[in-house]
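Thank you all for coming. I would like to walk through one chain this morning, going from the overall layout to a few individual residues, so please have a look at it first.

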Amino acid sequence: MKLLKDSDEDGGPLLSQYVLGDLRISMLQSQLSTLLVDTVTAVFVNAADLLCLICSQVPLYIAPLFLEPLLPALFGRLLDTSQKVRHKTAETTLEVCSLHSSALSEMVAQCVSSSSAWTSSDRSGTDRSTGPRLQLLGQMVKRMHDRDSAKVWSDETWSTLADYALKASENKSAEVRKEASNLLENMAAVGGRASEIADQAATQIKAMAEERAKQKMRPGTGVRPLTGRLGTGGSRPST
């Protein structure tokens, strides 16, 4: 990895000013943005490996500039029909998070929880990415906790994750609600502010559940009276 001699010193660490081997970092980024969305599984797998390799070679001060624009393309493969592709996507994300002493992990977590990084929503407004996002976030928090790296994440990041889990707790899918609960449990295991923020979110979820239960018990919201003719097992009125 080297800086080109003719680079503009006042221009900042632009990717076009750096080369890895004989290739400009900006060119590698452009190529990966195409390869990561390729529908051929083998192409995607190799592209994901290349992404990790380049991230491990570039200096930390330009790694976010290289990585962040590629994350939406990577995360989009969590919705792929191929289990191998989905598994490789999660594996690659976790590996990237561990690079540079886990310095990139918080940025990646923020991107996973950001709606701007996802576009797969159906017309009814149900975001298909919610379950995969929650699952990946849970895996990331657990991995960073195991490496004793999650404690350095900011309160803002923890609040963003907790808010996302809180919103997902009202999802119609039981699987999504389960992943939201798992994320909060993994946050609580980190301790410190992460645990406090997770506990606050869990308390709100419990309060919302209790309120929904009360609404079901209010007059007029119980079992509706039977109307119309009886079922096949009943008797018909005499005429």
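Let me begin with a question: of the contacts in the chain with a separation of 6 or more, what percentage comes from residues 24 or more positions apart? The value is 61%, and I should say at once that it is computed from a predicted model, as is everything else that I will show you.

As for the layout, the chain has ten helices and three strands, and along the sequence the pattern reads β-β-β-α-α-α-α-α-α-α-α-α-α, with the strands ahead of the helices. The chain has 239 residues, and 38% of them count as buried.

Let me turn to the interior. The largest nonpolar core holds 61 residues, and those that touch the most other members are Leu51, Phe66, Leu67, Val108, Met140, Trp158 and Met187. Which helix gives the most to this core? That is H2, with eight residues. In general terms, nonpolar side chains in soluble globular proteins tend to be buried together.

Helix H2 itself covers residues 41–57, and since 17 residues at 1.5 Å a residue should span 24 Å, the 25 Å between its end C-alpha atoms agrees with that expectation. Its buried residues are Phe44, Val45, Ala47, Ala48, Leu51, Cys52, Ile54 and Cys55. For those who like to look at the spacing of such a list, recall that an α-helix has 3.6 residues a turn, so residues three or four places apart point the same way. The partners of the buried residues of H2 are strand E2 (18–20) together with helix H1 (25–35), helix H3 (63–67), helix H4 (71–75) and H5.

That brings us to helix H5, where I would point out Thr89. Thr89 counts as buried because its relative accessibility is 0%, against a cut-off of 20%. If we set aside residues up to four places away in sequence, Thr89 touches Phe44, Leu74, Phe75, Arg77 and Leu78, and Phe44 is one of the buried residues of H2.

How does H5 pass H7, in a left-handed or a right-handed crossing? The crossing is right-handed, and the axes of H5 (residues 83–102) and H7 (residues 130–146) come within 10 Å of each other, at an angle of roughly 30°. On the H5 side the contact is made by Ala90, Thr93, Leu94, Cys97, Ser98 and Ser102, which meet Leu136, Gln139, Met140, Arg143 and Met144 on the H7 side. By class, the residues of this contact comprise six nonpolar, four polar and one charged.

Helix H7 also contains Thr130, which counts as buried because its relative accessibility is 9%. Beyond residues up to four places away in sequence, Thr130 touches Tyr164, Ala168, Asn171 and Val176.

Now for helix H10, residues 192–217, where the expected and the modelled lengths can again be compared: 26 residues at 1.5 Å a residue should span 38 Å, and the end C-alpha atoms are 38 Å apart, which agrees. Buried in H10 are Ala194, Ser195, Ile197, Ala198 and Ala201, and what covers them includes helix H8 (155–168) and helix H9 (174–190). Ala194 has a relative accessible area of 2%, so this residue is buried, and aside from neighbours within four places in sequence, Ala194 is in contact with Trp158 and Met187. Ala194 and Ser159 are 35 residues apart in sequence, while their C-alpha atoms are 8.2 Å apart in space. Met187, for its part, has contacts beyond four places in sequence with Val141, Trp158, Leu161, Ala162, Ala194, Ser195, Ile197 and Ala198.

Finally, two backbone details that deserve a careful look. Most residues other than glycine have a negative phi. His100, in helix H5, has a positive phi of about 55° although it is not a glycine, and with a relative accessible area of 26% His100 is partly exposed. Asp148 sits in the loop between H7 and H8, also with a positive phi, here near 60°. Is Asp148 buried or exposed? Its relative accessible area is 58%, and since the cut-off for exposed is over 50%, Asp148 counts as exposed.

Note on methods. Residues numbered from 1 in each chain as written. Predicted model: local features only at pLDDT ≥ 70, side-chain atom pairs only at ≥ 80, totals over all residues. Heavy atoms only, no water. Axes fitted to C-alpha atoms, helices over the stretch in contact; angles between N-to-C directions. Helix = DSSP H or I, 4+ residues; strand = E, 2+ residues; numbered from the N terminus. Left-handed = near helix turned anticlockwise from the far one by under 90°. Contact = heavy atoms within 4.5 Å. Nonpolar A, V, L, I, M, F, W, Y, C, P; charged D, E, K, R; others polar. Expected span 1.5 Å × (residues − 1). Buried < 20%, exposed > 50% of the residue type's maximum accessible area, 1.4 Å probe, protein only. Core = buried A, V, L, I, M, F, W, Y, C linked by side-chain atoms within 4.5 Å.
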